[in-house]
Amino acid sequence: MARVLINLPARAKRGQVIEIKTLIAHPMETGYRLDGKGAAIRRDIIKRFVCTYNGEEIFQAELFPAIAANPFIAFCTVATESGELVFSWTDDPGQTQTETRHIAVE
Amino acid sequence: MHPTRRWIVLATASAAFSRFALPADATQATMEEAIRALVGETEPQRGKVKLELPSIVENGNTVPLTVSVDSPMTEADHVVSIHIFDQKNPQPYVAAFKLGPRAGRAQVSTRIRLADSQQVMAIAQLADGSFWSDSADVIVTLAACTEL
């Protein structure tokens, strides 16, 4: 499991726009680099990131090799109701890492 | 023609160089092609989109970038997607973000790689199907993807 950092307010006012910052530890190997013997290093990137808010998809990103290692993505959403935000990252071999954070809306 | 000694030396030298050559880079043409595949027949208009990234970058391996779009983000008028393109990386596509009225504010930040000094372009698609763009020129001192 890769290390993940997710930054979002623990509580927010209803209707408030909040910013969510996410970062996941990943080499984002481009597939364009060569190893010591001159052979191409196999591509291994995170190609998809999805965020859902109480089951509803609020943000999605499709990433390419030009995204820096340890992909950082920041986006905004409206705090509508208390509940769970689920973040998931999918890499080239198809493995998905999922993290959940709670938000209290008053 | 018989392979002369000079010819053999040149051939082996060029073969050795080509082993280290990186795959074909994106160019202005491939960037335009990638943009065309996204926007189709319509022409992206200038404005509404604001692409922020440093004008001089010391390390091309991580370049902070923020795209914001002037939009009320309502059900009727919101940003559907934001796309980022580059001119001289191995691939012209950098990222695609899908948003909706739930975003509240059309703003996305990430960190990208730049292989050379070049132009970066952001294109946003609105709910009415129109495309808006902004571009920025970046000078890169240390390029990404060059270490072997």
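This report looks at chain B and at where chain A meets chain B.

## About the model

This is a predicted model, in which local features need pLDDT of at least 70 and side-chain atom pairs count only at pLDDT 80 or more, while totals for chains, interfaces and linings use all residues. Residues are numbered from 1 along each chain as its sequence is written, and chains are lettered from A in the order in which they are written.

## Chain B

Chain B holds two helices and nine strands; these are DSSP runs numbered from the N terminus, with H or I and at least four residues for helices, E and at least two for strands. Read from the N terminus, the order is α-α-β-β-β-β-β-β-β-β-β.

Helix 2 of chain B (residues 28-39) has 12 residues and should span 16 Å (1.5 Å times one less than its number of residues), which agrees with its end C-alpha atoms being 16 Å apart. Just after this helix, Gly40(B) has a positive phi of about 70°.

Of the 148 residues in chain B, 40% are buried, meaning that 20 or more other C-beta atoms, placed from the backbone, lie within 10 Å of the residue's own.

## Where the chains meet

Contact (C-beta atoms, placed from the backbone, within 7 Å) links 25 residues of chain A with 31 residues of chain B. On the chain A side, strand 6 gives the largest share, seven residues.

Strand 5 of chain A and strand 6 (residues 93-98) of chain B run antiparallel, joined by four bridges; DSSP must find at least two for strands to pair. Here Ala61(A) stands opposite Phe97(B).

Conventions. A residue is buried if 20 or more other C-beta atoms lie within 10 Å of its own, exposed if 12 or fewer, and partly exposed in between; C-beta atoms are placed from the backbone. Two residues are in contact if their C-beta atoms, placed from the backbone, lie within 7 Å.
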